[in-house]
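Q: I am new to this structure. Please take a close look at the empty space in it, and tell me what lies around that space.

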Amino acid sequence: MLKSISFITAMAVALPASAETLRLATSADYPPWESVNSAGAMAGFDIDVGNAICQKIEADCQWTNQAYDGLIPALEAGQYDIVISAVSITEERRQRIAFSAPYAQAPASFGTVGEKYASISDRAGLTTTLSGKVVGVQGSSIFEGLVANNFPDTEIKTYERADQIIADLGIGRLDAAVLETTSWASMAEANPSANLKTFGPKLAFSDYPELGDGIGLGFQKGSGDLKARVDAAIAELLADGTISTLSETWFGFDATP
């Protein structure tokens, strides 16, 4: 079961009065990675990981909620110091920003409403079934390139937020969509009447290079010192089991790389 209690934010940790202030941005519309809870606060795996890193490097981290497709442009423009929002590490993105070491890795899945594609079990079946179909993806996500490169006979429709994808699936504007598998589970739990079902094989990094080299924090180019400190914090949090515990809490499995 996905948890609603934040592991890290529940911990009272005093930071030095002179703590460095860092500006973190996320797109809090992608549970269980990040979302806005019933109290109006951002919560999720990435929020807890980000706060754990802040504690390790003794920084006062200020969070901003921003649309996903604007995260990297805003980072490049200097509006933020770090973005953490289930951002996959890809060569295309490396041309624009720097990445931390990966802290997580998770498969993706196609999904739809109901059982109409339940019999699909392999990649060939996906290709045949999705031919001519309308598939929803989050704009500027790795899934846009994945669908375009591997399922060229589909029509791709992009969205700013994941909940918009779910809404259009429900009213028939989309035949299918791609999200991380963990997010399908969370969306199905939050919208039981939507009858959301994943189908076909999971989309793994080993089969689809568009999915990148894991999930990392993004920095502006030239953020060498900050990146080095964050990388050291990630290494410690992986070694001591903190990130593993957080992923088990939010996802129900160990998503560490």
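A: Helices here are DSSP runs of H or I with at least four residues, strands are DSSP runs of E with at least two, and both are numbered from the N terminus. The model is predicted.

Start with the largest pocket, which has a volume of about 430 Å³. Its lining is made up of 23 residues, and Thr-90, Glu-92, Arg-93, Ser-140 and Ser-141 are the ones that lie nearest the centre. Three helices each give at least two residues to this lining: helix H2 (71-76), helix H3 (91-94) and H5. Of these, H5 gives the largest share, with 5 residues. Sorted by class, the lining of the largest pocket holds 9 nonpolar, 6 polar and 8 charged residues.

Next come the cavities. A search of the whole structure turns up 2 cavities of 30 Å³ or more. The largest cavity contains about 110 Å³ of space. There are 14 residues in its lining, and those nearest its centre are Tyr-30, Tyr-68, Ala-86, Gln-138 and Ser-141. Ser-141 thus appears among the residues nearest the centre of the largest cavity and among those nearest the centre of the largest pocket. Helix H5 (142-150) is likewise found in both linings: together with S2, H5 is named as supplying at least two residues each to the largest cavity, and H5 also contributes to the largest pocket. The lining of the largest cavity consists of 5 nonpolar, 5 polar and 4 charged residues.

Strand S2, one of the contributors to the largest cavity, belongs to an open sheet of 3 strands. The strand order in that sheet is S2-S3-S4, and the pairing is antiparallel. Strand S2 (29-30) and strand S4 (42-43) are the edge strands, each of them paired on one side only. Strand S3 (residues 34-36) is joined to S4 by 2 bridges in the antiparallel sense. In that pair, Ser-35 has Ala-43 of S4 as its bridge partner.

The second largest cavity has a volume of about 30 Å³. Around it stand Leu-22, Leu-24, Gly-50, Ile-53, Cys-54, Ile-57, Cys-61, Ile-82 and Leu-217. Strand S1 (20-26) and helix H1 (45-56) each provide at least two of these lining residues, and H1 provides the largest share, 3 residues. By class, this lining has 8 nonpolar residues, 1 polar residue and no charged ones.

Two of the residues that line the second largest cavity, Cys-54 and Cys-61, are bonded to each other. They form a disulfide in which the sulfur atoms lie 1.9 Å apart, and the count of disulfides in the model is 1. The torsion about the S-S bond is about -105 degrees, so this disulfide is left-handed. Are the two cysteines buried or exposed? Cys-54 has a relative accessible area of 5% and is therefore buried. For Cys-61 the relative accessible area is 14%, so Cys-61 is buried as well. Both values fall under the 20% limit for the term buried.

The nonpolar interior is the next part of the surroundings. The largest nonpolar core has 65 residues, and within it Phe-45, Tyr-103 and Phe-110 touch the most other members. A second core of 12 residues is separate from the largest one and includes Ala-25, Leu-71, Ile-72 and Phe-99.

Some of the strands complete the picture. All 5 of the 5 residues of strand S11 (residues 176-180) are buried, so S11 is largely enclosed by the rest of the structure. Strand S8 (residues 108-113) runs antiparallel to S11 and is joined to S11 by 4 bridges; in this pair, Ala-108 stands opposite Glu-180. Strand S9 (residues 134-138) pairs with S11 in the parallel sense, over 2 bridges, with Val-135 opposite Ala-176.

Last is Gly-214, which sits in the loop between strand S12 (196-203) and strand S13 (218-219). Its relative accessible area is 0%, so Gly-214 is buried. Gly-214 and Ala-104 are separated by 110 residues in sequence, but their C-alpha atoms are 6.0 Å apart in space.

Conventions:
Residues are numbered from 1 along each chain as its sequence is written. This is a predicted model: local features need pLDDT of at least 70, side-chain atom pairs count only at pLDDT 80 or more; totals for chains, interfaces and linings use all residues. Side-chain values use heavy atoms; hydrogens and water are left out. A nonpolar core is a set of buried Ala, Val, Leu, Ile, Met, Phe, Trp, Tyr and Cys residues joined through side-chain atoms within 4.5 Å. Buried means under 20% relative accessible area, exposed over 50%, partly exposed in between (1.4 Å probe, protein chains only). Two strands pair if DSSP finds at least two bridges between them. On a 1 Å grid over the protein atoms alone, a cavity is a set of points where a 1.4 Å probe fits but cannot get out, and a pocket is an open set with protein on both sides within 12 Å along at least five of seven lines; lining residues have an atom within 4 Å of a point. Grid points are joined across faces, edges and corners, and a volume is the space filled by probe spheres set on the points. Ala, Val, Leu, Ile, Met, Phe, Trp, Tyr, Cys and Pro count as nonpolar, Asp, Glu, Lys and Arg as charged, and the others, Gly among them, as polar. A disulfide is a pair of cysteine sulfur atoms within 2.5 Å.
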